[in-house]
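Trainee: May I go through this model with you before I write up my notes? I should like to begin with the empty spaces inside it.

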Amino acid sequence: MQIIGTVSEMQRLADSFRIQGKKIGVVLTMGYLHAGHVSLIGTARKVSDVVITTIFVNPTQFGPGEDFERYPRDFERDKTLASEAGTDILFCPQRDEMYAPNFATYVEIEDVSKILEGKFRPTHFRGVTTVVAKLLNITKPHVAVFGQKDAQQAFLIRKMATDLNFDVSIVVAPIIREPDGLALSSRNVYLNPDERQRATSLYKSLKRAEMLIGKGERSAEKLHNEIKKILLGVNPTLVDYIACVHPDNFKEVETLTPPTVLVALAVRFGSTRLIDNMIMNVA
Ligand code: AMP
């Protein structure tokens with residue numbers, strides 16, 4: 001595995017792969033890698049000749065008072081995990097090169113970037129879509145793999161790629177979970193043992209909703225109440241939102257209709273904010 005730290009070197013290398021007719025797959029991360037990232041790298045490996053993994057803790061997607069400074073970092077461990085997962089090129093740009101002092105261009109998607117996560121993190125998606133646009137321009141992939149864990153983010157990146165004619169195919173890979181259902185996240189390291197235990201309520205509440213839908217429940221309000229009951233049962237610090245949305249447009253639905261619904265949650269335990277979601281079949 002080769003480690004690249006500058007934009008120009010990464011672009012030159014990507015050009016040379018393209019000239020050789022190699023298919024480039026990319027996985028964009030903020031590091032502190034876990035099995036969720038490893039699975040995305042595995043997916044990229046299957047569909048490409050060269051796999052680029054990027055590590056960049058992107059300051060523009062953190063709001064004031066969020067965890068940018070304390071976001072977990074472990075470059076040595078990341079190198080091992082990325083390499084073992086099948087990364088050919090590890091691209092780790094410097095903050096100063098990604099955002100020069102006179103940086104002034106942002107990619108902002110209307111509507112869907114303002115709801116759910118966007119309501120609680122108003123500048124978050126603008127930072128995400130901007131850095132993803134930059135990293136796609138730097139790594140020049142044919143395929144970019146994202147996780148369903150960040151469902152709204154994956155939706156917006158697809159939208160950006162379509163609206164701005166990015167010549168890349170966007171693949172969304174399934175959520176990887178701990179054995180007890182907690183979705184893997186770099187931020188899980190913030191949870192103390194008690195919070196870690198209570199955090200399983202996110203998955204439990206989603207499974208309960210899935211079961212109720214299987215039994216014929218079609219009211220989003222009733223599902224919302226059932227989910228809330230389970231979440232409040234473990235005394236979270238705050239439930240930011242519980243939403244039943246159409247997976248194709250992220251619009252909230254009142255009555256579930258076939259074929260699927262996406263149920264998304266954001267819950268806080270202390271200062272740790274967890275998100276989770278599940279796409280459920282509606283027969
Ligand atoms: P992050 O490093 O948290 O910015 O995540 C980088 C990529 O990994 C994003 O596309 C995430 O959606 C994806 N990802 C994070 N956690 C998981 C998980 N538990 N399962 C699958 N993909 C994940």
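Mentor: Please note that this is a predicted model. The largest cavity is lined by Lys149, Leu182, Ala183, Ser185, Asn188, Leu202, Leu274, Ile275 and Asp276.

Trainee: Which strand gives the largest share of that lining?

Mentor: Strand 9, residues 272-281, gives the largest share, with three residues of the lining.

Trainee: And how do the lining residues of the largest cavity divide by character?

Mentor: Five are nonpolar, two are polar and two are charged. The space in this largest cavity is about 50 Å³.

Trainee: How many cavities of 30 Å³ or more does the count give?

Mentor: The count gives two. The second largest cavity holds about 30 Å³ of space. Its lining consists of Val245, His246, Val253, Thr255, Leu256, Thr257, Thr260 and Val261.

Trainee: How many charged residues are in the lining of the second largest cavity?

Mentor: There are no charged residues in that lining, which divides into four nonpolar and four polar residues.

Trainee: Let us stay with strand 9 for a moment. Is Arg273 buried or exposed?

Mentor: Arg273 lies in strand 9. Arg273 counts as buried because its relative accessibility is 16%, and buried means under 20%.

Trainee: Which side chains make polar contacts with the side chain of Arg273?

Mentor: Glu117 is one of them, with a side-chain polar contact of 2.9 Å to Arg273. The side chain of Asp240 also makes a polar contact with that of Arg273, at 2.7 Å.

Trainee: Now the ligand. How many residues surround it, and which are the closest?

Mentor: The ligand is surrounded by 17 residues, and the closest are His37, Gly147, Asp150, Ile176 and Leu184.

Trainee: Which elements supply at least two residues each to that shell?

Mentor: Strand 2 (24-29), helix 2 (35-47) and strand 5 (143-147) each do so. Helix 2 provides the largest share of the shell, three residues.

Trainee: What is the division of the shell into nonpolar, polar and charged residues?

Mentor: Nine residues of the shell are nonpolar, six are polar and two are charged.

Trainee: Where do oxygen atoms of the ligand lie with respect to polar atoms of Met30, Gly147 and Asp150?

Mentor: A ligand oxygen is 2.9 Å from a polar backbone atom of Met30. For Gly147, a polar backbone atom is likewise 2.9 Å from an oxygen of the ligand. At Asp150, an N or O atom of the side chain lies 2.6 Å from a ligand oxygen.

Trainee: What percentage of the ligand's exposed area does the protein bury?

Mentor: The protein buries 92% of the 490 Å² that the ligand exposes when taken alone.

Trainee: I also want to note the second largest pocket. What lines it?

Mentor: Its lining has 16 residues, and Ile55, Phe56, Val57, Arg73 and Pro93 lie nearest its centre. Ten residues of this lining are nonpolar, two are polar and four are charged. The second largest pocket contains about 270 Å³ of space.

Trainee: One last residue, Lys23. Where is its place?

Mentor: Lys23 is in the loop between helix 1 (7-19) and strand 2. At 35% relative accessibility, Lys23 counts as partly exposed.

Trainee: How many residues apart in sequence are Lys23 and Arg208, and what is their distance in space?

Mentor: Lys23 and Arg208 are 185 residues apart in sequence, and their C-alpha atoms are 41 Å apart in space.

Note on methods. Residues numbered from 1 in each chain as written. Predicted model: local features only at pLDDT ≥ 70, side-chain atom pairs only at ≥ 80, totals over all residues. Heavy atoms only, no water. Near = heavy atom within 4 Å. Polar contact = N/O pair within 3.5 Å; in protein donor to acceptor, adjacent residues only side chain to side chain. Areas by Shrake-Rupley, 256 points an atom, 1.4 Å probe, with all protein chains shown as cover. Helix = DSSP H or I, 4+ residues; strand = E, 2+ residues; numbered from the N terminus. Nonpolar A, V, L, I, M, F, W, Y, C, P; charged D, E, K, R; others polar. 1 Å grid on protein atoms, 1.4 Å probe; cavity = no way out; pocket = protein on both sides within 12 Å on 5 of 7 lines; lining within 4 Å. Points joined across faces, edges and corners; volume = space filled by probe spheres on them. Buried < 20%, exposed > 50% of the residue type's maximum accessible area, 1.4 Å probe, protein only.
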